[in-house]
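Please open the model in your viewer, colour it by secondary structure, and keep a selection panel at hand. The stops below each begin with something to select and then say what is there.

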Amino acid sequence: MLELTSLSRHFGGLKVLQDVNLSVPGGSIFGLIGPNGAGKTTVFNLITGLLPPSAGDIRFEGASLLGRRPHVITQGGIARTFQNIRVFKEMTLLDNVVVGAHLVSKPTLLRRLIWLPSARADERAALEHAMRCLERVGLADKARNQASALSYGDQRRLEIARALASDPSLLILDEPA
């Protein structure tokens, strides 16, 4: 499913990653472990397009991810959480997850502007999908609460629910615990 070949990332003269080779088969749970500063987050940033590699290749389901923008990589089936929590604290949990579900909803600008029945159906489907994601992580009972009211652990779970909302084939969790 995911193949890293001779992947390297340099920041000026600092070689953060050098010739990383990694193969993750589909349907597996795979852990990337190492001490602080070992480059785990850098690997995730390379896979998700937040950083370009200095050398090497990244293939997901056989296709190279090199040069693809992060939103295109997400649309292609890779979602992630971040080492530092990135939730929209001023929004409800449900709204946070709906943001992640925008890739699986299909509203067009015209349908939204006119608020056609199909746009209302899209909105309902996105809300239902978001609720299912919140249920998966045990936060459905807090769906209408503001994210700022959550504990650190629940913010982590919210971030996972938002990532799941894009229906990824590959879910990357950076420091999930």
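Begin by selecting Pro35, which is found in the loop between S2 and H1. This is a predicted model, so treat what you see on screen accordingly. With the surface switched on, is Pro35 buried or exposed? Pro35 has a relative accessible area of 60%, and because exposed means over 50%, it counts as exposed. If you add Ser8 to the selection, you will have two residues that are 27 positions apart along the chain, with their C-alpha atoms separated by 18 Å.

Keep the two elements that flank this loop in view, and turn to the largest pocket, which has a volume of about 590 Å³. To find the middle of the pocket, select Phe30, Gly31, Leu171, Ile172 and Leu173, which lie nearest its centre among the 25 lining residues. Then show strand S2 (14-24), helix H1 (40-47) and strand S6 (170-172), each of which supplies at least two residues of that lining. Which of these elements gives the largest share of the lining? That share, 4 residues, comes from H1.

Now zoom out for a moment and show the whole chain as a cartoon. You should be able to trace 6 helices and 6 strands, which follow one another from the N terminus in the order β-β-α-β-β-α-β-α-α-α-α-β. The C-alpha atoms fill a box of roughly 55 × 35 × 30 Å along the principal axes, and 38% of the 177 residues count as buried. Of the contacts with a sequence separation of 6 or more, 64% are between residues that are 24 or more positions apart.

Next, move to the largest nonpolar core by selecting Val97, Leu134 and Leu158, which touch the most other members among its 19 residues. The elements that give two or more residues to this core are helix H3 (93-101), helix H5 (117-136) and helix H6 (152-164), and H3 gives the most, with 5 residues. Why does H3 appear largely enclosed by the rest of the structure? It does so because 7 of its 9 residues are buried, namely Leu93, Leu94, Asn96, Val97, Val98, Gly100 and Ala101.

Stay in this region and centre the view on Leu158, leaving out residues up to four places away in sequence. Leu158 then touches Val87, Leu93, Asn96, Val97, Leu134, Leu139, Ala147 and Leu150. A second, separate core of 18 residues can be located by selecting Leu2, Val24, Phe44 and Leu65, which are included in it.

For the next stop, select Arg86, which is found in the loop between strand S5 (78-80) and H3. Arg86 is partly exposed, with a relative accessible area of 48%. Over which ring does the charged end of Arg86 sit? It sits over the ring of Phe82, 4.0 Å from the ring centre. Leaving aside neighbours within four places in sequence, Arg86 is also in contact with Glu159 and Arg162. Adding Arg156 shows a residue 70 positions away from Arg86 in sequence, with the two C-alpha atoms 8.9 Å apart.

Finally, select Arg9 and Phe11, where Arg9 lies over the face of the Phe11 ring, at 4.3 Å from its centre. A search for aromatic pairs, with ring centres within 6.5 Å, gives a count of 0.

Definitions and conventions
Residues are numbered from 1 along each chain as its sequence is written. This is a predicted model: local features need pLDDT of at least 70, side-chain atom pairs count only at pLDDT 80 or more; totals for chains, interfaces and linings use all residues. Side-chain values use heavy atoms; hydrogens and water are left out. Rings of Phe, Tyr and Trp (its six-membered ring) pair if their centres lie within 6.5 Å; planes under 30 degrees apart count as stacked, over 60 as edge-to-face and the rest as tilted. A charge sits over a ring if NZ of Lys or CZ of Arg is within 6 Å of the ring centre and within 35 degrees of the ring normal. A nonpolar core is a set of buried Ala, Val, Leu, Ile, Met, Phe, Trp, Tyr and Cys residues joined through side-chain atoms within 4.5 Å. Buried means under 20% relative accessible area, exposed over 50%, partly exposed in between (1.4 Å probe, protein chains only). Contact means heavy atoms within 4.5 Å. On a 1 Å grid over the protein atoms alone, a cavity is a set of points where a 1.4 Å probe fits but cannot get out, and a pocket is an open set with protein on both sides within 12 Å along at least five of seven lines; lining residues have an atom within 4 Å of a point. Grid points are joined across faces, edges and corners, and a volume is the space filled by probe spheres set on the points.
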